[in-house]
Amino acid sequence: MFSLDQFASDARAAAAAPEPLNAVISVMAETLADPDAVRANMPEMVENEVLLFEDDTVSIWHERFLHTEIPPPHDHQTHAVLGAYHGRERNGLFRRVGGQAIKGGELVLGAGQFHVFGPDDIHSVQGLDGTPSLGLHIYLGPLTRIERSLFDWGTGAPVPLTEDAFTGMIRAA
Ligand SMILES: [Fe+2]
């Protein structure tokens, strides 16, 4: 049975393992093998983004992606293992060309699927099917303390990531 505390504990241990990325991927894969169990045993999350745990090695989040708005393209500057356990999410993928974000393809993740983004990868995310999607994210670093970039929707130019800038660049879907 899924337990959020156990998931966070397992993710922390994995991030401290000799090969943290492989270990964290294993934790995500095992967790998402039964996405309905995650859904059934998840405590209610009031906020769209909930930080479950963070230290110097790992940052663990619960995410709700709305179908009504799209957060701006951004990077993570650390490896990110991003999984979905309910609904479907569409990741807009961007290439870094001359320092600017150029729209590339799309990646749709359904319940039980996850993807590993590299430190320089850029994406935006939206819930699909007229309903929010729910996910669990593990980052191999202190995400809230890492200097990261947002990218202008129009020009693709980088902007330092701050909470105000992030909020101001959210686009209605
Ligand atoms: Fe992200």
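**Strands, helices and loops of the predicted model**

Four bridges join strand β4 to strand β7 (residues 114-117), and the two run antiparallel. The model described here is predicted. Within the β4-β7 pair, valine 81 stands opposite valine 116 of β7. Strand β4 also pairs with β9. Six bridges link β4 to β9, again in the antiparallel sense. Here glycine 83 has leucine 136 of β9 as its bridge partner. The burial of β4 is complete by count: seven of its seven residues are buried, so the strand is largely enclosed by the rest of the structure.

These pairings belong to an open sheet of five strands. Its order is β1-β2-β9-β4-β7, with antiparallel pairing. The edges are formed by β1 (49-54) and β7. Each of these two has a single partner strand, so one side of each is left without a neighbour in the sheet. From one strand to the next, the twist averages 20°.

Two helices lie across this sheet. Helix α1 lies across β1, β2 (59-65) and β9. Its direction makes an angle of about 50° with β1. Helix α2 lies across β4, β7 and β9. Relative to β4, α2 runs at about 5°. Strand β9 is thus crossed by α1 and by α2.

The two helices also meet each other. Two packed helices are described by the angle between their axes and the distance between the axes. The axes of α1 (residues 4-15) and α2 (residues 20-32) come within 7 Å and cross at roughly 160°. An angle over 145 degrees counts as roughly antiparallel, and α1 and α2 are therefore roughly antiparallel to each other. The crossing of α1 past α2 is right-handed. On the α1 side, the contact is made by Phe7, Asp10, Ala11, Ala14 and Ala15. On the α2 side, it is made by Pro20, Ala23, Val24, Ser26, Val27 and Thr31. By class, the residues of this contact divide into eight nonpolar, two polar and one charged.

A further open sheet has three strands, in the order β6-β5-β8, and its pairing is antiparallel. Strands β6 (100-110) and β8 stand at the edges. Each has a single partner strand, so one side of each lacks a neighbour in the sheet. The twist averages 20° from one strand to the next.

Strand β5 (residues 88-97) is joined to β6 by nine bridges, and these strands run antiparallel. Arginine 90 has valine 108 of β6 as its bridge partner. Strand β5 pairs with β8 over six bridges, also in the antiparallel sense. In this pair, asparagine 91 stands opposite valine 125 of β8.

Although β8 stands at an edge of the sheet, its residues are not exposed. Six of the six residues of β8 are buried, so the strand is largely enclosed by the rest of the structure. Both of its faces are covered. Ile122, Ser124 and Gln126 are buried on one side. His123, Val125 and Gly127 are buried on the other. Val125 is also the residue that faces asparagine 91 across the β5-β8 pair.

Two loop residues have positive phi values. Glutamine 77 has a positive phi of about 55°, although it is not a glycine. This residue is found in the loop between β3 (69-70) and β4 (80-86). Glutamine 77 counts as partly exposed because it has 18 C-beta neighbours inside 10 Å. Aspartate 129 has a positive phi of about 65° and is likewise not a glycine. Its loop lies between β8 (122-127) and β9 (133-139). Aspartate 129 is exposed, with 12 other C-beta atoms within 10 Å.

Helix α4 (residues 163-168) contains aspartate 164. Aspartate 164 is exposed, with 7 other C-beta atoms within 10 Å. Aspartate 164 and valine 27 are 137 residues apart in sequence. In space they are 33 Å apart, C-alpha to C-alpha. Valine 27 is among the α2 residues that meet α1.

Definitions and conventions:
Residues are numbered from 1 along each chain as its sequence is written. This is a predicted model: local features need pLDDT of at least 70, side-chain atom pairs count only at pLDDT 80 or more; totals for chains, interfaces and linings use all residues. A residue is buried if 20 or more other C-beta atoms lie within 10 Å of its own, exposed if 12 or fewer, and partly exposed in between; C-beta atoms are placed from the backbone. Axes are lines fitted to C-alpha atoms, for helices over the stretch in contact, and angles run from 0 to 180 degrees between N-to-C directions. Angles under 35 degrees count as roughly parallel, over 145 as roughly antiparallel, 65 to 115 as roughly perpendicular and the rest as oblique. A crossing is left-handed if the near helix is turned anticlockwise from the far one by less than a right angle, and right-handed if clockwise. Two residues are in contact if their C-beta atoms, placed from the backbone, lie within 7 Å. Ala, Val, Leu, Ile, Met, Phe, Trp, Tyr, Cys and Pro count as nonpolar, Asp, Glu, Lys and Arg as charged, and the others, Gly among them, as polar. Two strands pair if DSSP finds at least two bridges between them.
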